[in-house]
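User: I'm new to this one and would like a close look at a single part of it. Could you pick a spot, walk me through it, and then show me what surrounds it in the rest of the model?

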Amino acid sequence: MAKRYFHYDEIASEQSAGYTKALGEEFVPGPVDGEDLIRSRTQVAIVGAGPAGLVLALLLQHEGIDCVVVERQTQAYVETRARAGFIEHRVVEFLRQHGLSEGLDLRGVPHTTCEFRHGGSQYIVPYGDLSGGAHVVYPQQFLVRDLLELFTSRGGKVLFSHPAVKMEGMEDNRAVVTCVVQDSSDSPLQLELECDFVAGCDGFHGLSRTSIPSTHVMTFTKQYGIGWLALLAEVPSSMKRIVYALHDSGFAGQMPRTPQVTRFYLECLPGDLESEWPDDRVWRELRKRMAIDGENDLITGPIIERRVLDMRSVVTEPMQYGNLFLAGDAAHIITPVGAKGMNLAIADAEVLARALIAHYRKRDGTLLREYSKTRLPHVWRVQEFSDWMLRLIHSTDGSNEQAFSERLRRARLERLCGSNAYANLFAESYVGR
Ligand SMILES: Cc1cc2nc3c(=O)[nH]c(=O)nc-3n(C[C@H](O)[C@H](O)[C@H](O)COP(=O)(O)OP(=O)(O)OC[C@H]3O[C@@H](n4cnc5c(N)ncnc54)[C@H](O)[C@@H]3O)c2cc1C
């Protein structure tokens, strides 16, 4: 096998330019049977260019710590993947402190109230006033684009279309991440990235978590047996706040995103197919479930994305193995009920960056050793809140006592609007203080 060493600076991040073309005359892939291998070295190999990976990359870059991000998808895909939109107060403050919030400050919209609808009543919770903080609504894909732009404009390297296919040596300080280089040529090309540390920021379906021997991790999973049809519609939000409608036919929600696009959710069966939910059925159900006393001012329009999500939560313990550290969805996923996944991912990246900086700058490995121990209590606190909220907004609780659950829900909503202590606890968890 022909092995050639390159510094990663020579590896272009522009997939459109073509990997081999970008390497120019220095590297010509050999014939298939002579399978070529490129080797490179960095201090921290970051797998995944989502919110966790990019925030980590920027914090390390700021401290002059060498890192490379490898990403399975193309840049265009990553920059347009619409998912989260609610950024917690604490995360907004953190992004501001580190100069990562320019786009969010320009185009994000602060939100301080949410509304529950149940049995013809509205329960409005001014969580911003109660907690002294606000959410900022800023679509995840915008944040990802901003972070990418910042990182690359400062000389950072993101290798798109480079899925990591193997991770080795994490347990004996010789970590190597192998990526397949997806270019248009037929020659199989591999990149071996040697590094001191691997940051597994590659989401729930990534490679990092599964690279840890099963004897060294425990995975805690909760399946709720509930589906959500997640929709994006090209319409302005009819209600200017987040709305959770609790209805006999199931939950319906509205989450503002941009002036032109709104996210809606409809509770459905976990196995439902998107094709079973044509536009007219979607709008009919949304109108019915979100109505107050039969009245509804829902603005309808084209649905531009629909996807069935399974309500489930997963936590991996510990979040590290040797020199591999998991962050974000790679370590835990959470139902989208409380809008927490991206916020947790960024919080993981913050703590991991602090630990790596202490290692490189102060030769102090304590924070790295304690990374998982530091993060897990927060992760479980957020899981607990999400679980509580899930039970609040769904009538399905595994039992057949629908009428009993119904009254429990009403009692919870009444306490939320009638008890300061109850409402404060909700507000604090919801806004992420
Ligand atoms: C419909 C929906 C709505 C949501 N709403 C909210 C919300 O309002 N608020 C909130 O906080 N969260 C929300 N979330 C959750 C949030 O989107 C995720 O928690 C967040 O994206 C996690 O960020 P991450 O960086 O950990 O992972 P990801 O964003 O998943 O990024 C991981 C990256 O790794 C890449 N990757 C995977 N495997 C490999 C590999 N082998 N090699 C290289 N790269 C790889 C992937 O392509 C991806 O780019 C929502 C999610 C969904 C689906």
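Analyst: **A loop, and what else is there**

S161 sits in the loop between strand 9 (157–159) and strand 10 (164–168). Strands here are DSSP runs of E with at least two residues, helices are runs of H or I with at least four, and both are numbered from the N terminus. What you're looking at is a predicted model, in which local features need a pLDDT of at least 70 and side-chain atom pairs count only at 80 or more, while totals for chains, interfaces and linings use all residues. Residues are numbered from 1 along each chain as its sequence is written, and side-chain values use heavy atoms, with hydrogens and water left out.

Back to S161. Its phi is near 55°, which is a positive value in a residue other than glycine. Is S161 buried or exposed? S161 is buried, with a relative accessible area of 4%. (Buried means under 20% relative accessible area, exposed means over 50%, and partly exposed is in between, using a 1.4 Å probe and protein chains only.)

A339 also has a positive phi near 55° without being glycine. You'll find A339 in the loop between strand 20 (332–333) and helix 9 (341–362), and at 26% relative accessible area A339 is partly exposed.

Another loop has a backbone feature of its own: the peptide bond from E317 to P318 is cis, with omega near -10°. P318 lies in the loop between strand 17 (303–317) and strand 18 (320–321).

Now for a loop residue that reaches across the sequence. D202 is in the loop between strand 12 and strand 13 (218–233), and with a relative accessible area of 15%, D202 is buried. What does D202 touch, leaving aside neighbours within four places in sequence? Its contacts are V47, G48, M167, L207, S208 and A330, where contact means heavy atoms within 4.5 Å. Also worth finding is A327: D202 and A327 are 125 residues apart in sequence, yet their C-alpha atoms are 8.2 Å apart in space.

V261 can be read in a similar way. It lies in the loop between strand 15 (252–256) and strand 16 (262–268) and counts as buried at 18% relative accessibility. Not counting residues up to four places away, V261 touches L232, A233, E234, V235 and I304. From V261 to A233 is 28 residues along the sequence and 5.7 Å in space, C-alpha to C-alpha. Over in strand 12 (residues 189–200) you'll find Q190, which is partly exposed at 23%; its C-alpha is 5.7 Å from that of C179, eleven residues away in sequence.

On to the helices. The axes of helix 2 (residues 51–62) and helix 7 (residues 140–153) come within 10 Å and cross at roughly 30°. Axes are lines fitted to C-alpha atoms, for helices over the stretch in contact, and angles between N-to-C directions run from 0 to 180 degrees. That angle makes helix 2 roughly parallel to helix 7; angles under 35 degrees count as roughly parallel, over 145 as roughly antiparallel, 65 to 115 as roughly perpendicular and the rest as oblique. Helix 2 brings P51, L54, V55, A57, L58 and Q61 to the contact, and helix 7 brings Q140, V144, L147, L148, L150 and F151. Those residues divide into ten nonpolar, two polar and no charged. (Ala, Val, Leu, Ile, Met, Phe, Trp, Tyr, Cys and Pro count as nonpolar, Asp, Glu, Lys and Arg as charged, and the others, Gly among them, as polar.)

Helix 12 (residues 402–418) and helix 13 (residues 420–431) pack at about 95°, with axes 6 Å apart, and are therefore roughly perpendicular to each other. R412, R415, L416 and G418 of helix 12 meet N420, Y422, A423 and F426 of helix 13. That contact has four nonpolar, two polar and two charged residues.

Stepping back, the protein has 13 helices and 20 strands, and buried residues make up 56% of its 433 residues. Mean pLDDT, the predictor's confidence in each residue from 0 to 100, is 89, and 89% of the residues reach 70 or more. Take care at the start of the chain, though: pLDDT stays under 50 over residues 1–9, and is below 50 over residues 11–34 too. Where pLDDT is low, the predicted coordinates shouldn't be read in detail.
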